[in-house]
Amino acid sequence: QHYYITNNLRVLGFPDMGEEVKEKKPNKYVEGFKGFCTFLYNPDDHTVFGRGGSSWGKIIIFYFFFYACLAAFFAVCLIVMLNTLSDDKPTVIGRTNKPKLAAPFQDLYILNFKNDAQWNKYKVAADALKAKYEGNKDKGDGFFDWSFDNLGECFESQYPKNSDESKVGCFYIGLNRIYDWAPEEGETLSFGCEWVVGKTGSGNLDPPFDMEMQKKVEIAAALKAYYPWTSMENNGLQPMQAIKITLNEDKLAAMNETASLDTYLDCSAYVNEKKIEDSGNANFEIRYSKDTIADE
């Protein structure tokens, strides 16, 4: 009899009371998206990101005044700091206030006679250096003059040439603007350069190039007048020493076939022929091709 009752219930659509009824679980992604949309805007209580109109108004007003006070505080600190700085004297003079020798621009460290692209970069840098010094002499007596009297033929940025007839270039070196530094009384400040083996150890110490320091006497006098440096207004830009580099065809023709083509020039600053301690060196490189130049 129980069998017939159970089957009749199933026929009528009633579940068997002995069977477990499973509930359909909602999709978690759908529910999550619905919750996010409600967070963006809840139509029931008319909130955006969980805040009503009055709440948003209060927080906007608060942060407006908060950041306005921060900006005012920063401006006051900046004004006070700038008023303590001197246009003529550094606030702090420490271990970095030492003579350092260098070339003015990165592209002036290499004379590349076999690569037109790099040669053109060198020429652009030489033009920029000359333009930088234009008008420096007009600022007052004793200011360094970018002229033939101080730089020789290298004063003209178009003088360096990389042609079939001539291969000549110029390197430029100078000390940094060191505040209130100068050689001792009776000492002479000067520059010197020599061929070196370089970091690779393969540099040719007798390359087919002639090196000539331009206007050494005039530069020594300019350096003496320039230091001690106190400001751009009082002293202007520092003196530049030019080093003329010229290809010597006789040396090139006499070069041994096994001779290294690596050519490095090392320049230093001296006081009475003694190198200035910790002044560093300006390291230059000349690149050329013996076969290419010889064929010309």
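Which element gives the most to the nonpolar patch? Keep that in mind while we walk through the structure, which is a predicted model.

Let's start with the overall picture. The protein is built from nine helices and 12 strands. It has 296 residues, and 33% of them count as buried. Its accessible surface comes to about 19500 Å², with 55% of that belonging to carbon and sulfur atoms. If you look at the contacts in the protein with a separation of 6 or more, 72% of them come from residues 24 or more positions apart.

Now to the patch from the opening question. On the surface, Phe36, Phe39, Leu40, Tyr41, Val48, Phe49, Trp56 and Ile60 form a nonpolar patch, and together they have about 750 Å² of accessible area. Two elements, α2 (28–40) and α3 (53–84), give two or more residues to this patch. The answer to our question is α2, which gives the most, with three residues. Another member of the patch, Phe49, sits in the loop between β2 (47–48) and α3. With a relative accessible area of 42%, Phe49 is partly exposed, because that category runs between the 20% limit for buried and the 50% limit for exposed.

From here we can turn to the aromatic rings. How many aromatic pairs does the structure hold? There are 18 aromatic pairs. One of them joins Phe66 and Tyr67, with 5.2 Å from centre to centre and 75° between the planes, an edge-to-face arrangement. Within that pair, Phe66 is partly exposed, at a relative accessible area of 38%.

A second example is the pair of Phe148 and Phe155. Why is this pair edge-to-face? The ring planes of Phe148 and Phe155 stand at 85°, and planes over 60 degrees apart count as edge-to-face. The ring centres of Phe148 and Phe155 are 6.4 Å apart, so they fall within the 6.5 Å cut-off for a pair. What about the accessibility of the two residues? Phe148 has 42% relative accessibility and counts as partly exposed. Phe155 has 25% relative accessibility and also counts as partly exposed, because it is not under the 20% that buried requires.

Aromatic residues can also be followed beyond single pairs. Which residues form one aromatic cluster with Trp119? They are Phe113, Tyr122, Phe209 and Tyr288. You can pick out this cluster in the structure above by selecting Phe113, Trp119, Tyr122, Phe209 and Tyr288 together.

Terms used: Residues numbered from 1 in each chain as written. Predicted model: local features only at pLDDT ≥ 70, side-chain atom pairs only at ≥ 80, totals over all residues. Heavy atoms only, no water. Phe/Tyr/Trp six-rings, centres within 6.5 Å; stacked < 30°, edge-to-face > 60°. Buried < 20%, exposed > 50% of the residue type's maximum accessible area, 1.4 Å probe, protein only. Helix = DSSP H or I, 4+ residues; strand = E, 2+ residues; numbered from the N terminus. Contact = heavy atoms within 4.5 Å. Areas by Shrake-Rupley, 256 points an atom, 1.4 Å probe, with all protein chains shown as cover. Patch = residues over 30% accessible without salt bridge, like charges linked within 9 Å, V, L, I, M, F, W, Y side chains within 5 Å. Salt bridge = Lys/Arg side-chain N within 4 Å of Asp/Glu carboxyl O.
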